[in-house]
Amino acid sequence: MMHQRQGRGDEGGSEGRKEGGFSVWRLDDNNNEFLVRDGLTEEEALVLVREYEGRGHRQAYWVEKETGRLVL
């Protein structure tokens, strides 16, 4: 099955922020990738991943460095 990246996640985000930060992504049970939140510092992103993992969610969460594109 192919990974499909979905739009903005259900946790809000940083509408209109430029790259340079970090984002948190989630992989669901159907192998789809979803943006959880962007525009974070690396520390904020890692804390958020630990929070979700600590809640016992079955999905996988990870941090990615954002690219040079503008997120609208």
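The largest nonpolar core in this predicted model is made up of nine residues: Phe-22, Val-24, Val-36, Leu-40, Ala-45, Leu-48, Val-49, Tyr-52 and Tyr-61. Three elements each supply at least two residues of this core, namely strand 2, which covers 22-27, strand 3, which covers 32-40, and helix 1, which covers 42-54. Helix 1 provides the largest share, four residues.

Allow me to place that core in the overall fold. The protein has one helix and four strands, and along the sequence these follow the pattern β-β-β-α-β. Of its 72 residues, 32% count as buried. The exposed surface of the protein comes to about 4,800 Å², of which carbon and sulfur atoms supply 47%. If we take the contacts between residues at least 6 apart in sequence, 65% of them join residues at least 24 apart.

I turn next to strand 2. Five of the six residues in strand 2 are buried, and the strand is thus described as mostly covered. With which strands does strand 2 run antiparallel? One is strand 3, with which strand 2 pairs in the antiparallel sense over five bridges. Within that pairing, Arg-26 has Phe-34 of strand 3 as its bridge partner. The hairpin formed by strand 2 and strand 3 has four residues between the strands, and there Asn-31 takes a positive phi near 70 degrees. Another is strand 4, residues 60-65, which is joined to strand 2 by six bridges and also runs antiparallel to it. Here the bridge partner of Leu-27 is Ala-60 of strand 4.

Within strand 2, I should like to dwell on Phe-22. Is Phe-22 buried or exposed? Its relative accessibility is 16%, and the cut-off for burial is under 20%, so Phe-22 counts as buried. The surroundings of Phe-22 draw on distant parts of the chain: its C-alpha atom is separated by 5.7 Å from that of Glu-64, although the two residues lie 42 apart along the chain. Beyond its neighbours within four places in sequence, Phe-22 is in contact with a run of residues that includes Arg-37, Asp-38, Gly-39, Leu-40, Thr-41 and Glu-42. Ala-45 is also among the contacts of Phe-22, as are Val-63, Glu-64, Lys-65 and Glu-66. Lys-65 deserves separate mention, as its charged end sits over the ring of Phe-22, 5.0 Å from the ring centre.

Let us move to the helix side of the core. Leu-48, one of the core residues, is in contact with Val-24, Val-36, Arg-37 and Leu-40, leaving aside its neighbours within four places in sequence. Val-24, Val-36 and Leu-40 are themselves members of the core.

Finally, the aromatic residues. How many aromatic pairs are counted in the model? The count comes to one. That pair is formed by Tyr-52 and Tyr-61, and its rings are stacked, with 4.8 Å from centre to centre and 15 degrees between the planes. Both Tyr-52 and Tyr-61 are buried, and both belong to the nonpolar core with which I began. Tyr-52 has a charged neighbour as well: the charged end of Arg-55 sits over the ring of Tyr-52, at 4.9 Å from its centre.

To summarise, the nine-residue core receives its largest share from helix 1. Strand 2, for its part, pairs antiparallel with strand 3 over five bridges and is joined to strand 4 by six.

Terms used:
Residues are numbered from 1 along each chain as its sequence is written. This is a predicted model: local features need pLDDT of at least 70, side-chain atom pairs count only at pLDDT 80 or more; totals for chains, interfaces and linings use all residues. Side-chain values use heavy atoms; hydrogens and water are left out. A nonpolar core is a set of buried Ala, Val, Leu, Ile, Met, Phe, Trp, Tyr and Cys residues joined through side-chain atoms within 4.5 Å. Buried means under 20% relative accessible area, exposed over 50%, partly exposed in between (1.4 Å probe, protein chains only). Contact means heavy atoms within 4.5 Å. Rings of Phe, Tyr and Trp (its six-membered ring) pair if their centres lie within 6.5 Å; planes under 30 degrees apart count as stacked, over 60 as edge-to-face and the rest as tilted. A charge sits over a ring if NZ of Lys or CZ of Arg is within 6 Å of the ring centre and within 35 degrees of the ring normal. Two strands pair if DSSP finds at least two bridges between them. Accessible areas come from the Shrake-Rupley method with a 1.4 Å probe; for residues, only the protein chains shown count as cover.
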